[in-house]
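Welcome! Here is a guided walk through a protein model for someone meeting it for the first time. Take a moment to turn the structure around before reading on.

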Amino acid sequence: MGKLNVLICGGGRTGHLNAVLFKQQPGVHVALLTSRADVVERLGDADAALAALLPEGGQLTGKPDLVTDQPALAARDADVVIVTVPAHARPALLRKLAPHLPADKPVYVGAIPGFCGFDWLAEQALAARPNAVIWGMKDVPHTAFDLVPGESVRLGGAKSALYVGTHQREGAAAREALLGHLRRLYTAPVELLDHYLEITLTPGNPIMHPSVVYGLIGPYGQWRDRPFEQPLCWWTDCAELSAYFLERSDEESQALCRAVERRLGVDLGSVLPLKQEIVDAYGDQIGDSATMLSVLRTNRAYDAIVAPLVRDADGYRIDRASRAFHEDVAYGLALLVEMGRRLQVPLPHIEEIYRWNVQYMGGLRDCALDYFPANWPA
Ligand SMILES: NC(=O)c1ccc[n+]([C@@H]2O[C@H](COP(=O)([O-])OP(=O)(O)OC[C@H]3O[C@@H](n4cnc5c(N)ncnc54)[C@H](OP(=O)(O)O)[C@@H]3O)[C@@H](O)[C@H]2O)c1
C-alpha cells in the first residue's frame, strides 16, 4: 500500500486525537496545521510523543510527522485534508489553505463533523481547486476531551460505524477512492451516505444547545435575568422546559426533512428524530430512554459536560462567546431557519429560539448564509 499524506487542520481535541489514531496505520504521513505555537514547539522536539488516553485505561501514542502553523508547508503534498476546526472558523481556514492545496492530483477535503453545510462552503472556498473532492463525516468518530496541548487527549465513546457524505457533484470513482482512504484511516466501518443533506439535516448541536439555553434563561426560563449560583452541566442538569423546546424543534426539523424530500426527491430516511439518534448512538450508556429529558439526563456519555459559563459578581452566566452560539446558532440553526423559509415550512419554535439566541449572543457577524447557495433548492 502506498504512502497516504493526511493533513489535519486544527490542533484541538479532535485534531490531536485523530493525529494519534492515524499514526497507528502503516504508511500514513500525518501533518497537523495548528495556530498554537506551544504545540508546534513541543511536537517539534524529536523525543516528544502525543498520547490518546483510552477509556478502558492504557494509551496509544504517535506523533504527527509534521506540525506547523504554515498552510503552504502543511498542504504541500496532501492527499486527504481533514478540517476539525469549528464551523465558524472554517471559512477563514479554507481561505488560507486553498492556494496551497495540490492542483495536480485529487485532494479529498473533508470536515469532521461535516455539519453546518460544509459542502457548500468548500465548493465556494475551493472554486479555484476543481480537483478537490469535498466530503464530510456525519459525526465525530470519537468524542475527545481533556486536552493537554501537544501532550495528550482523552478518547471518549467511539461510534460503531462512520457515515460519510460527499458533495453532490462528486462521481462514483471519487466516492470510491475516498472510501478507500477513510477505511485505511479508521478501524470502524465507514459507509457512504447517498446525499450530503443527510448530514446537514441530522439533528444535533444546532438544535440542542440553543434549545437548552432558551429553556434556562430565555423569556420563560427559571434563570431569566438571574445568574446561576453554581456551575451547571449541559445535559445532566437539563431543565424540563429545555427538553420541551428541544422536542418541538426536533419535530420541526423532521417536518423540514419531509419538505426537502418532496422538493428535491431525495431520501432522508436515515435522518432520525433526535431521541432515536441519541439512543442508537449511545445504547446502554443511557439509563432511562423513555423521554427526551430522561435520555439527556441519564446518558453516561453526556455526564459532567459543563455548560459554558462566565463568572461575575453575582454568580455564573451563559458565555455569549461560546461556540454554542457562534457555531451552533450562526452556522447551524441559521441554515435550518433559511431552508424553512425558502421551502415555506413553518418552524415557529426553531425561529423563536433562533431569534432569541441571536439577540443574546449580540447579533450575527458572519454565518452560514454567507455560503448557503442563493439558488437552493434549485
Ligand atoms: N470534542 C468532541 O468530543 C466533539 C464532539 C462532538 C462534536 N465536536 C465538534 O468537532 C469540532 C471540533 O471540536 P473540538 O472539540 O476538537 O474543538 P476544540 O478542542 O475547541 O478545537 C478546535 C480547534 O479549532 C481551532 N480554531 C480556530 N479558530 C477557532 C475558534 N474561533 N474557536 C475555537 N477553535 C478555533 C483551534 O485550533 P488551532 O489553534 O490549532 O488552529 C482549536 O484548537 C467542532 O465542530 C465540534 O462542535 C467535537
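The report below goes from the domains to the sheets, the core, the ligand and a few unusual spots in the backbone.

**Two domains**

Please keep in mind that this is a predicted model. The domain assignment of the protein chain gives two parts, domain 1 (4-198) and domain 2 (201-370). Their C-alpha centres are 26 Å apart. The two domains touch: 17 residues of domain 1 are in contact with 21 residues of domain 2. On the domain 1 side, the elements that supply two or more residues to this meeting place are β10 (152-158) and α7 (197-200).

**The sheet of eight strands**

Try tracing an open sheet of eight strands, which has mixed pairing and runs in the order β5-β2-β1-β6-β7-β8-β11-β12. At its edges stand β5 (66-68) and β12 (190-192); each has a single partner strand, so one side of each is left without a neighbour in the sheet. From one strand to the next, the twist averages 25 degrees.

Inside this sheet, β7 (residues 107-111) and β8 (residues 132-137) run parallel and are joined by five bridges. One pair to look for is Val109 with its bridge partner in β8, Ile134.

Two helices lie across strands of this sheet. Helix α1 (residues 13-22) crosses β1 (4-9), β2 (28-33) and β6 (80-83), and runs at about 165 degrees to β2. Helix α5 (residues 118-125) lies across β7 and β8, at about 160 degrees to β8.

**The sheet of four strands**

Another open sheet has four strands in the order β4-β3-β10-β9, again with mixed pairing. Here β4 (59-61) and β9 are the edge strands, each with a single partner, so one side of each has no neighbour in the sheet. The twist averages 25 degrees from one strand to the next. Strand β3 (residues 51-53) pairs with β10 in the parallel sense over three bridges, and the bridge partner of Ala52 in β10 is Val153. Helix α1 appears here again: it packs on this sheet, touching β3, β4, β9 and β10, and its direction makes about 105 degrees with that of β9.

**The nonpolar core**

As background, nonpolar side chains in soluble globular proteins tend to be buried together. In this model, the largest nonpolar core has 112 residues, and those with the most contacts inside it are Val6, Leu7, Cys9, Val81, Ala122 and Ala334. Helix α13 (residues 328-343) provides the largest share of this core, nine residues. The core also draws at least three residues from each of domain 1 and domain 2.

What does Ala122 touch, leaving aside its neighbours within four places in sequence? Its contacts are Leu94, Val109, Ala132 and Ile134. Val109 and Ile134 are the bridge partners met earlier.

**Around the ligand**

There are 21 residues around the ligand, and Gly11, Gly12, Thr14, Thr34 and Ala89 come nearest. The elements that give two or more residues to this shell are α1 and β9 (142-148). Of these, β9 gives the most, with four residues.

**Unusual spots in the backbone**

Most residues other than glycine have a negative phi, and most peptide bonds are trans. The table lists some places in this model that depart from that pattern.

| Place | Feature | Value |
|---|---|---|
| Ile112 to Pro113 | cis peptide bond | omega near -5 degrees |
| Trp376 to Pro377 | cis peptide bond | omega near 10 degrees |
| Cys116 | positive phi | about 70 degrees |
| Ala304 | positive phi | near 60 degrees |

Where do these residues sit? Pro113 is in the loop between β7 and α5, and Cys116 is also in the loop between β7 and α5. Pro377 belongs to the segment after α14 (348-360). Ala304 lies in the loop between α11 (292-298) and β13.

Is Cys116 buried or exposed? Cys116 has 29 C-beta neighbours inside 10 Å, so it counts as buried. Ala304, with 10 other C-beta atoms within 10 Å, is exposed.

One last stop is Ala313, found in the loop between β13 (309-311) and β14 (316-318). Because Ala313 has 5 C-beta neighbours inside 10 Å, it counts as exposed. The C-alpha atoms of Ala313 and Ala243 are separated by 29 Å, and the two residues are 70 residues apart along the chain.

Notes. Residues numbered from 1 in each chain as written. Predicted model: local features only at pLDDT ≥ 70, side-chain atom pairs only at ≥ 80, totals over all residues. Core = buried A, V, L, I, M, F, W, Y, C linked by C-beta atoms within 7 Å. Buried ≥ 20, exposed ≤ 12 C-beta atoms within 10 Å, placed from the backbone. Domains from an automatic or database assignment. Contact = placed C-beta atoms within 7 Å. Pairing = 2+ DSSP bridges. Axes fitted to C-alpha atoms, helices over the stretch in contact; angles between N-to-C directions. Near = placed C-beta within 6 Å.
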